[in-house]
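Hi,

Here's the structure I promised to pass on. Could you open it in your viewer and keep it beside this email while you read?

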Amino acid sequence: MLAVLPDPPGISVCPRRARWQLDLLLLALESVDLNASELMLQVVRDLQLQVMIPNRVIFWQIRCTNPFRQVTQRTPLPLSETKALTAIVVQVARRHTATLRHLLLVLDQLHAQNLPPETYAPLAEYLDRFRRHFRKRMNLQRSGLFLYKDNSALNELALQLLVQLLLCAGTKGMERLWFSLFDGEVS
Amino acid sequence: MLLQRQYSLPNCTLRIEGLSSQGHGAGQLDVVTVCECEIVGQPAPLKGGKDFLVALLSSVPAAAQTWLSGVKLRRSPQQAIQVDTQSFNQVWLRIPGDLLLLPEGTSARMVEICLTWLQLADLVEALDQFCSDSQTLPTLTPTFSSLPRRAIAPAVPLRQQLTPLGIGAASLAVMAALFFHMPVPQRRPEDPELNQPPPTTAPSPLLPEANPPAPAGN
């Protein structure tokens with residue numbers, strides 16, 4: 001399955017922006033579904049990725065390579081593990097396609113009526129959970145995250161992540177996500 | 001034999017009509033005559049030929065990838081169909097009129113439609129399903145590639161990077177001009193009284209002595 005993801009030319013480890021992006025997508029999935037973290041580990045077993053991610057501690061350590069986390073690992077993330085994370089994001093997003101579509105459909109309807117997203121309870125719950133997860137795990141003292149002290153900026157990020165997850169869940173979603181991770185990194 | 005393929009998503013239906021060059025009985029569509037894209041909420045379907053289909057394939061998936069990566073491009077891509085995803089939940093598709101088969105009596109230089117994020121995702125998925133179909137235009141395969149570094153706009157724009165430098169240079173020039181016109185301070189002649197040593201004063205009898213004499217007797 002990972003064979004469809006070629007190594008980008010001239011890159012041997014996962015770039016900084018890609019680590020941030022993958023961790024954010026996983027965070028959004030955890031906000032969509034409370035059991036998403038268990039589902040991620042199930043996907044690891046289903047795709048036989050235990051060689052790279054043998055247990056949840058290693059999975060957490062890999063996610064901590066995101067430079068904006070409070071507890072961050074400075075070790076580089078190899079491309080093989082980046083591919084594993086990409087596959088996990090895509091597989092879990094595919095299993096939540098119906099939920100993602102539903103939330104975005106309601107968002108359209110609310111937007112058409114000039115109503116805020118918090119008007120709809122499941123959407124409000126998703127946004128609230130995302131904000132809590134984000135503030136708990138990310139280092140808001142970093143200048144790059146200063147913007148996200150504001151609730152509306154975090155809400156906008158959460159809604160953008162819903163669309164990104166839906167784009168990942170499509171037929172060619174895995175390839176699209178993989179190549180997008182290296183946008184601006186290849187020479 | 002006329003062949004028709006349809007890729008249906010809740011918000012978008014992509015319909016392709018064409019012929020098979022391999023004669024009767026062959027199910028492979030490899031000559032496109034009409035491509036129709038019907039998007040829910042739009043007044044009329046977008047209809048065109050193979051050029052329209054190729055333009056859609058070259059612009060919409062690329063825009064979706066850029067949206068996914070979240071990077072800003074240095075300049076908008078030189079595609080026939082322009083996809084603008086700047087506003088919240090609004091994606092503008094600008095399609096040149098010559099790519100479309102417009103109803104008779106109507107003409108337009110550019111057709112603009114506004115999609116929501118969900119409609120864009122469905123359009124991308126319909127195009128992906130079409131590309132994955134080995135029975136429809138098998139030579140038309142999607143090509144994915146990452147954007148090169150030179151295509152990406154810097155995170156901090158050049159103007160913003162140069163602003164502090166400009167302000168610093170300007171303030172230096174202003175202060176230099178100001179000090180240039182100010183008179184040079186003259187040195188005052190030294191006052192001889194100030195150079196005299198301070199007069200020494202005799203110790204006051206009222207002040208207690210530092211070492212009082214020890215009491216006599218005892």
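Below is what I found, going from helix packing in chain A to single residues and then to chain B. One thing up front: this is a predicted model, so every value here is computed from predicted coordinates.

**Helix packing in chain A**

Let's start with helix 2 (residues 36-46) and helix 3 (residues 56-63) of chain A. Their axes come within 11 Å and cross at roughly 105 degrees. Angles of 65 to 115 degrees count as roughly perpendicular, so helix 2 and helix 3 of chain A get that label. On the helix 2 side, the residues that take part are A:Glu38, A:Met40 and A:Leu41, and they meet A:Arg56, A:Phe59 and A:Arg63 of helix 3. The make-up of that contact is an even split, with 3 nonpolar residues, 3 charged ones and no polar ones.

A:Leu41 is worth a click while you're there. This residue sits in helix 2 of chain A and is buried, because its relative accessibility is 9% and the cut-off for buried is under 20%. Once neighbours within four places in sequence are set aside, A:Leu41 is in contact with A:Arg56 and A:Phe59. If you want a long-range pair to look at, try A:Leu41 and A:Gln164: they are 123 residues apart in sequence, and their C-alpha atoms are 21 Å apart in space.

The other pair is helix 1 (residues 16-32) and helix 8 (residues 173-181) of chain A, whose axes come within 9 Å and cross at roughly 140 degrees. That crossing makes helix 1 of chain A oblique to helix 8 of chain A; the label roughly antiparallel would need an angle over 145. Helix 1 brings A:Arg17, A:Ala18, A:Gln21, A:Leu22 and A:Leu25 to this contact, where they meet A:Leu177, A:Ser180 and A:Leu181 of helix 8. Sorted by class, the residues are 5 nonpolar, 2 polar and 1 charged.

**A buried arginine**

Next, have a look at A:Arg131 in helix 6 (residues 121-137) of chain A. Is A:Arg131 buried or exposed? With a relative accessibility of 14%, A:Arg131 counts as buried. Its side chain makes a polar contact of 2.8 Å with the side chain of A:Asn155. Leaving out residues up to four places away in sequence, A:Arg131 touches A:Glu118, A:Asn151, A:Leu154 and A:Asn155.

**Cysteines**

How many disulfides are there over all chains? The count comes to 0. A:Cys64 is in no disulfide, and the nearest cysteine sulfur to it belongs to A:Cys14, 14 Å away. A disulfide needs the two sulfur atoms within 2.5 Å. A:Cys64 counts as buried, since its relative accessibility is 1%. A:Cys168 is in no disulfide either, and again the nearest cysteine sulfur is that of A:Cys14, at 14 Å. At 0% relative accessibility, A:Cys168 is buried too.

**Two positive phi values**

Most residues other than glycine have a negative phi. Two residues here go the other way, one in each chain. A:Asn114 has a phi near 60 degrees and lies in the loop between helix 5 (97-112) and helix 6 of chain A. Its relative accessibility is 70%, so A:Asn114 counts as exposed.

In chain B, the phi of B:Leu137 is near 40 degrees, also a positive value. B:Leu137 is placed in the loop between helix 2 (117-132) and helix 3 (158-181) of chain B. This leucine is buried, because its relative accessibility is 3%.

**Chain B overall**

Chain B has 4 helices and 7 strands, and along the sequence they follow the pattern β-β-β-β-α-β-β-β-α-α-α. Of its 218 residues, 33% are buried. If you take the contacts in chain B between residues at least 6 apart in sequence, 48% join residues at least 24 apart.

Last stop: B:Met182, in the loop between helix 3 and helix 4 (192-195) of chain B. This methionine counts as partly exposed, given a relative accessibility of 45%. Measuring tools at the ready for this one: B:Met182 and B:Asp133 are 49 residues apart in sequence, with 81 Å between their C-alpha atoms.

Cheers

Methods: Residues are numbered from 1 along each chain as its sequence is written. Chains are lettered from A and ligands numbered from 1 in the order in which they are written. This is a predicted model: local features need pLDDT of at least 70, side-chain atom pairs count only at pLDDT 80 or more; totals for chains, interfaces and linings use all residues. Side-chain values use heavy atoms; hydrogens and water are left out. Buried means under 20% relative accessible area, exposed over 50%, partly exposed in between (1.4 Å probe, protein chains only). A polar contact is a pair of N or O atoms within 3.5 Å; within protein, one must be able to donate a hydrogen and the other to accept it, and residues adjacent in sequence count only if both atoms are side-chain atoms. Contact means heavy atoms within 4.5 Å. Axes are lines fitted to C-alpha atoms, for helices over the stretch in contact, and angles run from 0 to 180 degrees between N-to-C directions. Angles under 35 degrees count as roughly parallel, over 145 as roughly antiparallel, 65 to 115 as roughly perpendicular and the rest as oblique. Ala, Val, Leu, Ile, Met, Phe, Trp, Tyr, Cys and Pro count as nonpolar, Asp, Glu, Lys and Arg as charged, and the others, Gly among them, as polar.
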